[in-house]
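Subject: Structure handover

Hello,

I am passing a structure on to you, with notes on what was found in it. Please look at the sequence and the model before reading further.

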Amino acid sequence: MPVPGMPLPSMPSSPMGTAPAMPGQVQSSGKEARGKVIAGLGLEMLRIAIPLLGNTPDGLAVVEVVAKLGKKFAKPAADLQ
């Protein structure tokens, strides 16, 4: 139990760094997961654009992108849309 008025001993820091990420920084695993969610949301926006663009060169380009990326990025959860 600490004694009032006495400084607390400092904890040695490990080389692996057990401290949480600094404010404003996202840890790498969380950063990757966040990126996948954002990519999924962007993919949903592209899917919405397909019928609006129709059979135009731009519409066909969007269809190609959605077909290619749709295999990699899943639709985000309903609570994130």
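The notes below go from the whole chain to the helices, then to the salt bridges and the surface.

Please keep in mind that this is a predicted model.

Overall make-up

The protein has 81 residues, and buried residues make up 10% of them. Its secondary structure consists of two helices and zero strands. Of the contacts between residues at least 6 apart in sequence, 45% join residues at least 24 apart. The exposed area of the protein is about 7100 Å², and carbon and sulfur atoms supply 66% of that area.

Helix α1

Helix α1 covers residues 28-53. It has 26 residues and reaches 37 Å from its first C-alpha to its last, which is close to the 38 Å expected at 1.5 Å a residue. After α1 comes Gly 54, with a positive phi near 65°.

Which residues of α1 are buried? They are Gly 40, Leu 43 and Glu 44. These buried residues pack against α2, which covers residues 57-70.

One pair of residues can be used to relate the two helices. Ala 67 lies in helix α2, while Arg 47 lies in helix α1. Ala 67 and Arg 47 are 20 residues apart in sequence, and their C-alpha atoms are 9.7 Å apart in space. Ala 67 counts as partly exposed because its relative accessibility is 46%.

Salt bridges

How many salt bridges does the count come to? It comes to two.

One of them joins the side chains of Lys 36 and Glu 32, at 3.7 Å from N to O. Both residues lie in helix α1, four residues apart, about one turn of the helix. Lys 36 has a relative accessibility of 47%, so it counts as partly exposed. Glu 32 is also partly exposed, because its value is 49%.

Another joins the side chains of Glu 44 and Arg 47, at 2.5 Å from N to O. Glu 44 and Arg 47 both lie in helix α1 as well, three residues apart, again about one turn of the helix. In an α-helix there are 3.6 residues a turn, so residues three or four places apart point the same way.

Is Glu 44 buried or exposed? Its relative accessibility is 16%, and buried means under 20%, so Glu 44 counts as buried. Its partner Arg 47 is partly exposed, with a relative accessible area of 31%. The side chains of Glu 44 and Arg 47 also make a polar contact, at 2.5 Å. Glu 44 therefore appears twice in these notes: as a buried residue of α1, and as a member of a salt bridge, with its burial set by the 16% value.

Surface

What makes up the nonpolar surface patch of about 370 Å²? Met 45, Ile 48 and Leu 52 make it. Leu 52 has its place in helix α1. With a relative accessible area of 73%, and exposed meaning over 50%, Leu 52 counts as exposed.

When you open the model, Glu 44 may be a convenient place to begin, as it is found in helix α1 and its side chain contacts that of Arg 47.

Regards

Terms used:
Residues are numbered from 1 along each chain as its sequence is written. This is a predicted model: local features need pLDDT of at least 70, side-chain atom pairs count only at pLDDT 80 or more; totals for chains, interfaces and linings use all residues. Side-chain values use heavy atoms; hydrogens and water are left out. A salt bridge is a side-chain nitrogen of Lys or Arg within 4 Å of a carboxyl oxygen of Asp or Glu. Buried means under 20% relative accessible area, exposed over 50%, partly exposed in between (1.4 Å probe, protein chains only). The expected span of a helix is 1.5 Å times one less than its number of residues. Contact means heavy atoms within 4.5 Å. A polar contact is a pair of N or O atoms within 3.5 Å; within protein, one must be able to donate a hydrogen and the other to accept it, and residues adjacent in sequence count only if both atoms are side-chain atoms. Patches are made of residues with over 30% relative accessible area and no salt bridge: like charges are joined within 9 Å, nonpolar side chains (Val, Leu, Ile, Met, Phe, Trp, Tyr) within 5 Å. Accessible areas come from the Shrake-Rupley method with a 1.4 Å probe; for residues, only the protein chains shown count as cover.
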